[in-house]
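Here are some notes to read alongside the model. Please keep the sequence and the 3D view open as you go.

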Amino acid sequence: MPPLAQVLKSNAAFTPKSSKPVALFLGGTSGIGRAMATRFAHYTKGEAHIVVVGRNQQAAQATISSFPSKTSSEFVECDATLMKNVGATTSSLLSRLPRLNLLVLSPGFFSVFAGREETSEGIDKKLALLYYARWRFVHDLMPLLRNAADASEEAKVYSVLGAGTGCKIDLEDLGLKKLYGAVKAAMTAATYTDLAMEKFSADNPSVQFTHAFPGLVRTPMMLPRHWLLKPFAPLVTMASYPFTVSPEVRVRLNSHSSSSSFVGLRRIPTLGIVRLEARFHAQGCKGRRYWL
C-alpha cells in the first residue's frame, strides 16, 4: 500500500483524460459511495457530470451539496433491490447519456444474524444489492463505457465489496434458498463478483475493472436495521471505533486506485495490496450458471 502522503499527492495531481468526465455512483447517497462521489467531484474541480443513484432523495441532495458549485449533477431514484427498477433506470440512462467514464458500485447493508428476506422477484435483498443490481448496472451500461473507451477516455468500473473474502459456491443453490446466512450471503456475493468481473473484463479489454474490499468502514450500513435494535446504534458505533475507519480516510486509498490508468481486471483486498494472480475461490469454477 502506498504511503498516505504519496496517495494524497497522487490524488491531488489526478487529471482525467476527458474534459468533462461522466461518473455514476450507485449507492452514492451514503457511506463510502458518498465519500467517493464527493472526492471525485473535488478532484475534477467540478468539471464533471455526476449521477447519484439511490433511494433517498434527501440524502442524495446532501451528497450533491458537497460538490463544487459548478459541478453538473443529478439524482436518479432507484430501489436497486428490484431488478425491474434497475432495468428502468439503466434504460433511461442509456437513452440520454453519451458515454460513461466511471461506474462506482457500493449499495448494500450490513447484517450478521438476519435471515433471508426475499423480494417480490424471488431474490434475497442482500444478494440483490451486493450482486444482482451491480451486475445489471455493469451489463446494461457497458455500451456507454465502450463509448468512452473508443474515444480514448477513461472507462472504469469500481465495485466496493469484498475482494479476497469470498467462499466456495454451491452451484445447486446459487440463490441461497436452501441454506442461508447473512455472512454467507456476503461472502457468496464476493465470489460471484469475482466471476462476473473476470467475464466482463475478458469481453471488454479496453475497460478497467476493479473489485475492492475497503475493510470495516464506519457507515450507516453497519448500524442495526431492526426497530428494536436501533436505540443501540450509538453503542454499536462506539464499540466499532477500534476496528473501523471513516469513509473519508478509506476513500483516499480507493480514489488513488480508481485514478490509476491500469486496464484489465484487478482485485484489491483491505490493505490496498493489488492482487492480480491470487488464489480466489472463483478460480477454477466452471460453467456460466452464476450469470442467472
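The points below go from confidence to strands and then to the cores.

1. A word on the ground rules. This is a predicted model, where local features need pLDDT of at least 70 and side-chain atom pairs count only at pLDDT 80 or more, while totals for chains, interfaces and linings use all residues. Residues are numbered from 1 along each chain as its sequence is written, and side-chain values use heavy atoms, with hydrogens and water left out.

2. How confident is the predictor? The pLDDT (the predictor's confidence in each residue, from 0 to 100) averages 79 for the protein, and 68% of the residues score at least 70. Helix α4 (residues 83–96) has the highest mean, 98, whereas helix α1 (residues 4–12) has the lowest, 44. Helices (H or I, at least four residues) and strands (E, at least two) are DSSP runs, numbered from the N terminus.

3. Treat residues 239–247 with care: their pLDDT stays under 50, and the model gives them 19 contacts (heavy atoms within 4.5 Å) beyond four places in sequence. Residues 271–279 are also below 50, with 17 contacts beyond near neighbours in sequence.

4. Now look at strand β2 (residues 49–54). Six of its six residues are buried, where buried means under 20% relative accessible area, exposed over 50% and partly exposed in between (1.4 Å probe, protein chains only). H49, V51 and V53 cover one side, and I50, V52 and G54 the other.

5. Which strands pair with β2? Strand β1 (residues 22–26) does so in the parallel sense over five bridges, and strand β3 (residues 72–77) in the parallel sense over six. Two strands pair if DSSP finds at least two bridges between them. L26 has V53 as its bridge partner, and G54 stands opposite E77.

6. Helix α2 (residues 31–43) joins β1 and β2 in a right-handed β-α-β unit. β2, helix α3 (residues 57–65) and β3 make a right-handed one too. Right-handed means that, with the strands pointing away from the viewer, the path from the first strand over the helix to the second runs clockwise.

7. The largest nonpolar core (buried Ala, Val, Leu, Ile, Met, Phe, Trp, Tyr and Cys residues joined through side-chain atoms within 4.5 Å) has 49 residues, and L24, F137, V157 and F209 have the most contacts inside it. Its largest share, 16 residues, comes from α5.

8. Leaving aside neighbours within four places in sequence, F209 touches residues including V138, M142, V157 and F200.
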